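Subject: Structure handover

Hi,

Here is the structure I promised to pass on. Have a look at it first, and then read my notes below.

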Amino acid sequence: MVILSGFISVASEQIDSIKSALPIHISQTQQEPGCITFRVTQRKIEPHIFDVYEEFSDMHAFEAHQQRVQNADWGIVSKDVQRHYAVEEI
């Protein structure tokens, strides 16, 4: 099993764009073979930060997912998107 957890920080003007792209991204991820859990939450106190939790059945499934979303930034192409992830294989 592979677990990715962390957060994504975006510029304030990108919050609405990220929120509108999220349902599509989540739907596509949940349909991927090997995806067990995918969750994104927006912080109330810091609305420009989205917490991310992904769980995959194995490293192959995780790597396939990463290939698909490598430069997607959920539909936002920007240098202001900062990802802070930790990946753990258990």
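Before anything else, please keep in mind that this is a predicted model. Everything below was computed from it.

**The overall layout**

The protein chain has 2 helices and 4 strands. If you walk along the sequence, you meet them in the pattern β-α-β-β-α-β. Of its 90 residues, 37% count as buried. The chain exposes about 5500 Å², and carbon and sulfur atoms supply 51% of that area. I also looked at how far along the sequence the contacts reach: among contacts between residues at least 6 apart, 70% join residues at least 24 apart.

**How the strands pair**

A good place to start is β1, which pairs with two other strands. One partner is β3: 8 bridges join the two, and they run antiparallel. To find this pairing on screen, look for G6, whose bridge partner in β3 is V52. The other partner is β4, residues 82-89, again with 8 bridges and an antiparallel course. Here you can use I8 as a marker, since I8 stands opposite R83 in β4.

β3 also pairs with β2, through 7 bridges, and these two run antiparallel as well. Q42 faces F50 of β3 in this pairing. Between β2 and β3 there are 6 residues, and the two strands form a hairpin.

When you look at side chains along these strands, one rule of thumb helps: in a regular strand, side chains alternate between the two faces of the sheet.

**The nonpolar core**

The largest nonpolar core is made of 17 residues, and V10, L22, V40 and F50 have the most contacts inside it. Five elements each give at least two residues to this core: β1 (2-9), α1 (15-30), β2 (35-42), β3 (49-56) and α2 (59-69). The largest share, 4 residues, comes from α1.

**A buried glutamate**

Is E54 buried or exposed? This residue sits in strand β3, and it counts as buried because its relative accessibility is 4%, with the cut-off for buried at under 20%. The side chain of E54 makes a polar contact with the side chain of H65, at 3.2 Å. Leaving aside residues up to four places away in sequence, E54 touches V2, I3, L4, T37, F38, F62, H65 and Q66.

**The salt bridges**

How many salt bridges does the structure hold? There are 2 of them. In one, the side chains of R43 and E46 meet, with N to O at 3.0 Å. In the other, R43 pairs with D51, and the closest N and O atoms are 2.9 Å apart. These salt bridges share partners and join R43, E46 and D51 into one network. As general background, side chains of opposite charge can pair when their charged atoms come close.

Each member of the network is partly exposed. R43 has a relative accessibility of 27%, E46 has a relative accessible area of 33%, and D51 has a relative accessibility of 23%.

**Two more residues to click on**

F7 is in strand β1 and is partly exposed, at 25% relative accessibility. Not counting residues up to four places away in sequence, F7 touches R43, I49, F50, D51, V52, Q82, R83, H84 and Y85. So if you select F7, two members of the salt-bridge network, R43 and D51, turn up among the residues it touches. F7 and Q42 are 35 residues apart in sequence, and their C-alpha atoms are 9.5 Å apart in space.

E63 is in helix α2. With a relative accessible area of 45%, E63 is partly exposed. From E63 to V2 the separation is 61 residues in sequence and 9.7 Å in space, C-alpha to C-alpha. V2 is also one of the residues that E54 touches.

**Where to begin**

If you only have a few minutes, I'd go to β3. This strand pairs with β1 and with β2, supplies at least two residues of the core, and holds E54.

Cheers

Notes. Residues numbered from 1 in each chain as written. Predicted model: local features only at pLDDT ≥ 70, side-chain atom pairs only at ≥ 80, totals over all residues. Heavy atoms only, no water. Core = buried A, V, L, I, M, F, W, Y, C linked by side-chain atoms within 4.5 Å. Buried < 20%, exposed > 50% of the residue type's maximum accessible area, 1.4 Å probe, protein only. Pairing = 2+ DSSP bridges. Polar contact = N/O pair within 3.5 Å; in protein donor to acceptor, adjacent residues only side chain to side chain. Contact = heavy atoms within 4.5 Å. Salt bridge = Lys/Arg side-chain N within 4 Å of Asp/Glu carboxyl O. Areas by Shrake-Rupley, 256 points an atom, 1.4 Å probe, with all protein chains shown as cover.
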